[in-house]
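Me: I should like to go through this structure with you, one topic at a time. Please keep the answers plain.

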Amino acid sequence: MSKGFKAPRGTFDVLPAQAAARARIEDTAKAIFARAGYGRIETPAFEDTELFERGVGRSTDIVQKEMFSFEDKGGRRITLRPEGTAPICRAYVEHGMHKLAQPVKLHYSGPFFRHERPQAGRHRQFHQVGAEAIGTDSPLADAESIALLHELLTELGVPGVELRLGSLGSPDARREYLEELRAHLRAREGDLSEEVRERIDANPLRAFDSDHEGTRAVMEEAPTLLDRLDDADAEHFAEVRSLLDGAGIEYRLDPTLVRGLDYYTRTIFSFVCERLGAQSEVGGGGRYDGLVEQLGGPPTPAIGWAAGIERILLSLEEEDEEAHRDVFVAVADDSERRRALALVGELRRAGFSTELDLAGRSLKGQLKQADRLGAGRTVILDADGAAQLRDMSSGEQRPVEPGRVLEELSG
Ligand code: HAM
């Protein structure tokens with residue numbers, strides 16, 4: 001045998017025993033979206049690279065380091081989608097969806113691609129379910145969107161979830177705030193850790209996450225963005241919070257919450273699961289009021305989120321599913337295989353999950369296989385045209401009339 005292949009680094013195969021748990025997540029999400037009036041959208045797995053450069057932001061880690069980009073045979077710059085929001089806004093503009101009644105509510109699921117360092121809960125091909133409500137700036141839309149993700153995680157039983165909530169305000173307010181924060185850091189530069197000091201220009205917000213004692217003392221006195229929101233943004237955020245309070249959705253206000261995509265404005269949120277280690281966010285999102293316009297559409301406020309299917313699976317600690325079949329059809333003699341195939345067809349049409357031996361096993365081997373498949377009962381077709389029914393848990397076996405097998409199984 002020549003040397004075999006492995007799935008590429010950071011990717012994985014979904015085997016049959018794992019498929020059901022994944023399907024449950026997608027099905028639960030689909031049911032929630034259908035009840036909330038979200039329509040399904042599917043966009044291509046790859047897009048023009050520039051869509052993400054403009055949409056996600058040239059200075060983000062995603063665009064700088066993590067995209068799978070290539071030139072196609074026509075010399076076009078192409079990227080495997082690292083996220084779904086920019087493509088959906090592209091589709092919104094391309095299909096003139098701003099002419100529909102607003103907001104346009106869309107949901108999606110599928111594979112996404114980021115060239116990150118693989119670890120538990122972080123892959124290079126991963127899967128998201130997500131929802132976008134495009135064409136509304138109402139705080140109600142923020143609260144409803146957050147409530148949908150909250151409902152999904154609750155219905156799936158994701159344990160130990162905390163909702164963190166923040167607001168980024170407008171890009172202008174944010175820019176001014178960052179300057180103020182940089183000035184605060186520079187004024188106390190001597191107390192900061194080296195790491196934070198080196199990043200004052202590039203990313204002053206990182207200082208809020210530092211464990212360094214001196215830095216923490218400096219940050220306790222640092223202004224937060226929430227204190228610097230302009231009146232309209234502050235009012236919007238207060239309304240979102242009051243709606244969440246009214247809906248009984250608990251959250252922790254996080255004045256230093258940031259997200260890795262540049263398009264966010266105003267409300268941002270993150271659902272974290274304490275059970276997951278470093279990659280603790282199961283899902284998150286926020287408002288992106290400028291993105292549609294940035295991609296060539298009319299000014300269009302919007303909000304949405306995405307959740308990672310692999311992160312949810314990890315948090316649920318789902319075990320591989322055990323096999324189960326209603327019936328196995330075995331033959332005591334090779335001459336009965338034709339009869340077995342006909343019976344399997346009949347039983348399947350009647351709704352029984354049914355298998356027969358496809359590997360030429362002896363009768364003993366077939367009963368072993370029936371056990372392996374978790375069959376509740378086995379029909380044994382004898383050489384003389386007779387049949388027997390075996391209860392696989394008790395081992396009890398009794399003759400049945402060959403023409404009445406379906407009736408016996410149904411009874
Ligand atoms: P994101 O925070 O980059 O947001 O990703 C959303 C979720 O995808 C994360 O919370 C995480 O569960 C999962 N995820 C991200 N990267 C990986 C990875 N490498 N491996 C496994 N899971 C991962 C977005 O993508 C935005 N488009 C969300 C959004 C929608 N904002 C507004 N609308």
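Me: How are H5 and H9 oriented to each other?
Reply: H5 and H9 are oblique to each other, a class for angles outside the bands under 35 degrees (roughly parallel), 65 to 115 (roughly perpendicular) and over 145 (roughly antiparallel). Helix H5 (residues 139–156) and helix H9 (residues 231–246) pack at about 45 degrees, with their axes 8 Å apart. The model is predicted: local features need pLDDT of at least 70 and side-chain atom pairs pLDDT 80 or more, while totals for chains, interfaces and linings use all residues. Residues are numbered from 1 along each chain as its sequence is written, and side-chain values use heavy atoms, without hydrogens and water.

Me: What do the axis and helix terms stand for?
Reply: Axes are lines fitted to C-alpha atoms, for helices over the stretch in contact, and angles run from 0 to 180 degrees between N-to-C directions. Helices (H or I, at least four residues) and strands (E, at least two) are DSSP runs numbered from the N terminus.

Me: Which hand does the crossing of H5 and H9 have, and which residues make the contact?
Reply: The crossing of H5 and H9 is right-handed, meaning that the near helix is turned clockwise from the far one by less than a right angle. Contact, defined as heavy atoms within 4.5 Å, involves Pro139, Leu140, Asp142, Ala143 and Ile146 of H5 and His236, Glu239, Val240, Leu243 and Leu244 of H9. By class, seven of these residues are nonpolar, one is polar and two are charged. Nonpolar covers Ala, Val, Leu, Ile, Met, Phe, Trp, Tyr, Cys and Pro, charged covers Asp, Glu, Lys and Arg, and the others, Gly among them, are polar.

Me: Turning to H1 and H11, at what angle do they pack?
Reply: Helix H1 (residues 16–35) and helix H11 (residues 309–316) pack at about 115 degrees, with axes 10 Å apart. On the H1 side the contact is made by Ala21, Arg22, Arg24, Ile25 and Glu26, and on the H11 side by Ile309, Glu310, Ile312, Leu313 and Leu316. Six of the contact residues are nonpolar, none is polar and four are charged.

Me: Glu310 is in that list. Is it buried or exposed?
Reply: Glu310 counts as buried because its relative accessibility is 8%; buried means under 20% relative accessible area, exposed over 50%, and partly exposed in between, with a 1.4 Å probe and protein chains only. Leaving aside residues up to four places away in sequence, Glu310 touches Phe12, Arg22, His123, Phe126 and His127.

Me: And the largest nonpolar core: how many residues has it?
Reply: The largest nonpolar core has 44 residues, and Ile134, Leu185 and Met219 have the most contacts inside it. Such a core is a set of buried Ala, Val, Leu, Ile, Met, Phe, Trp, Tyr and Cys residues joined through side-chain atoms within 4.5 Å.

Me: Which residues have unusual backbone values?
Reply: Most residues other than glycine have a negative phi, and most peptide bonds are trans. Arg266, however, has a positive phi near 55 degrees; Arg266 lies in strand S9 (residues 265–273) and is buried at 15% relative accessible area. Glu317 also has a positive phi, of about 50 degrees, and sits in the loop between H11 and S12; Glu317 is exposed, at 53%.

Me: Which peptide bond is cis?
Reply: The bond from Gln102 to Pro103 is cis, with omega near -5 degrees. Pro103 is in the loop between H4 and strand S5 (104–113).
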